[in-house]
Amino acid sequence: MTIALKEIRQGQAFAHLARRINVALVVFLLFYIVIGLLQPTYLEPAGAMNFLRRAAPLAILAAGQIFVLVSGGFDLSVGSLVTVTVVGGSMLTANDPSNTGWAIAVLYAIGLLVGLINGAVVAYLRTPSIIATLGTLLSVNGVAMMWSGGSPRGYLPDNFRMFGRLVFHDVPVVKIFPVAIVVLLAVCALAQWGLHGMVFGRRVFAIGDNARAAQLAGVQVALVRIVVFVISALAAVTAGILLGGFGGVSVDVGVGLELQAIAACVVGGVQLMGGRGTLVGAVAGALTLTALFTLLTLLGWPQPLKETAQGVILIIAVAFGAWRRRRTG
């Protein structure tokens with residue numbers, strides 16, 4: 001009897017541990033091992049650092065998007081904000097490195113304004129977030145096109161691009177350490193603290209779980225909704241600055257990133273209807289998608305098939321999340 005009880009407890013402990021393990025982390029490690037077998041340089045410290053550098057913008061977008069998703073909303077405007085950050089950066093700096101400081105400040109002010117508008121429309125006009133932010137996406141894209149004349153103009157100064165391009169060399173153990181990873185770590189630390197270490201984070205989860213109950217408990221639902229959209233918008237500007245450093249000026253730089261950010265969060269176990277999710281899961285989802293794109297590139301798959309694979313993985317992730325919630329009650 002004692003042995004049987006002990007085995008039951010061990011089984012329950014194992015099941016509890018299995019539920020706590022984020023599936024996205026496991027899938028990412030599997031993908032990365034396959035990538036390393038196909039291209040051994042990825043298994044070297046420098047290769048891993050370069051991989052994290054490329055994954056940083058999507059991981060930062062996911063770190064902002066998770067606040068909106070956990071609160072029960074969607075933010076489809078982040079891709080257009082990335083575009084306006086890159087295009088606006090080239091227009092504001094006007095090829096002059098001395099303009100970089102105030103230009104970045106203006107870009108963050110634009111992100112703040114867009115986040116406030118998104119949050120206010122959702123909170124006070126009761127517009128579904130997917131509709132409100134879709135309108136913002138179209139509007140901001142239009143602004144970017146008018147601002148640039150429909151084509152890239154100028155270039156981003158080196159001190160603007162350093163956040164995405166600068167790499168510290170001769171670093172012990174890892175050999176190289178990109179500045180983009182420093183930015184990613186800083187953003188993730190702030191997001192982890194805000195979502196899981198502050199009262200604000202608990203209020204975000206409460207609103208996503210049951211907004212009416214949260215309101216009756218004294219939570220200022222409208223204010224929290226506005227703040228989560230502001231956080232997402234500021235994360236998008238940060239990702240745009242990194243992407244501008246990677247590839248320079250392009251009017252297509254942000255196309256599709258909003259869906260990739262949502263997909264990364266869902267792959268990482270974030271519940272689409274709100275109330276559930278972890279920052280670690282969202283970042284792991286971003287790493288998983290980046291690893292998937294890298295793997296498909298190494299295999300020679302064309303872009304349409306890459307997008308198909310992303311869609312299939314998203315559907316599987318949503319279905320698995322629903323099944324897992326039913327199993328755990």
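Right after helix 13 comes glycine 300, with a positive phi near 85 degrees. Helices here are DSSP runs of H or I with at least four residues, strands are runs of E with at least two, and both are numbered from the N terminus. Keep in mind that this is a predicted model, where local features need pLDDT of at least 70, side-chain atom pairs count only at pLDDT 80 or more, and totals for chains, interfaces and linings use all residues. Residues are numbered from 1 along each chain as its sequence is written, and side-chain values use heavy atoms, with hydrogens and water left out.

Back to helix 13 itself, which covers residues 279-298. Its 20 residues should span 28 Å at 1.5 Å a residue, and the end C-alpha atoms sit 29 Å apart, which agrees. The expected span is 1.5 Å times one less than the number of residues. Of those 20 residues, 17 are buried, so helix 13 is largely enclosed by the rest of the structure. Buried means under 20% relative accessible area, exposed means over 50%, and partly exposed is anything in between (1.4 Å probe, protein chains only).

Now zoom out. The protein has 14 helices and two strands. With 329 residues, a compact globule would have a radius of gyration near 20 Å, and the protein's 21 Å agrees with that. That radius is taken over C-alpha atoms, and the globule rule is 2.2 Å times the number of residues to the power 0.38. Along the principal axes, the C-alpha atoms fill a box of roughly 80 × 55 × 40 Å. Buried residues make up 48% of the 329. If you look at contacts (heavy atoms within 4.5 Å) between residues at least 6 apart in sequence, 77% of them join residues at least 24 apart.

Helix 5 (residues 100-124) is a good place to go next. Its 25 residues should span 36 Å at 1.5 Å a residue, and its end C-alpha atoms are 36 Å apart, which agrees. Its buried residues include Thr100, Ala103, Leu107, Gly111 and Val114. What covers the buried residues of helix 5 includes helix 4, helix 6 (129-148), helix 7 (158-165) and helix 11. Just past helix 5, arginine 126 takes a positive phi of about 60 degrees.

Helix 4 (residues 78-93) holds two residues worth a stop, and threonine 93 is one of them. Threonine 93 counts as buried, at 0% relative accessibility. Setting aside neighbours within four places in sequence, threonine 93 is in contact with Asn99, Thr100, Ala103, Tyr155, Pro157 and Phe160. Thr100 and Ala103 are buried residues of helix 5. Leucine 81 also has its place in helix 4, and with a relative accessible area of 0% it is buried too. Not counting residues up to four places away in sequence, leucine 81 touches Ile110, Gly111, Val114, Val140, Ala233 and Ala236. The C-alpha atoms of leucine 81 and alanine 239 are separated by 9.3 Å, though the two residues are 158 residues apart along the chain.

That brings us to helix 11 (residues 221-247), where serine 232 has its place. Serine 232 is buried, with a relative accessible area of 1%. Leaving out neighbours within four places in sequence, its contacts are Gly64, Gln65, Val68, Asp75 and Val78. Serine 232 and alanine 63 are 169 residues apart along the chain, yet their C-alpha atoms are separated by 7.8 Å.

The two strands tell another story. Valine 173 is found in the loop between strand 1 (167-171) and strand 2 (175-178). Valine 173 is exposed, with a relative accessible area of 73%, and its phi is positive, near 75 degrees, in a residue other than glycine. Lysine 175, which lies in strand 2, also has a positive phi, near 70 degrees. At 52% relative accessibility, lysine 175 counts as exposed.

Last stop: histidine 196, in helix 8 (residues 179-196). Histidine 196 counts as partly exposed, at 35% relative accessibility. Beyond its neighbours within four places in sequence, histidine 196 is in contact with Ala191, Phe205, Gly277, Thr278 and Leu279. Leu279 takes us back to helix 13, which covers residues 279-298.
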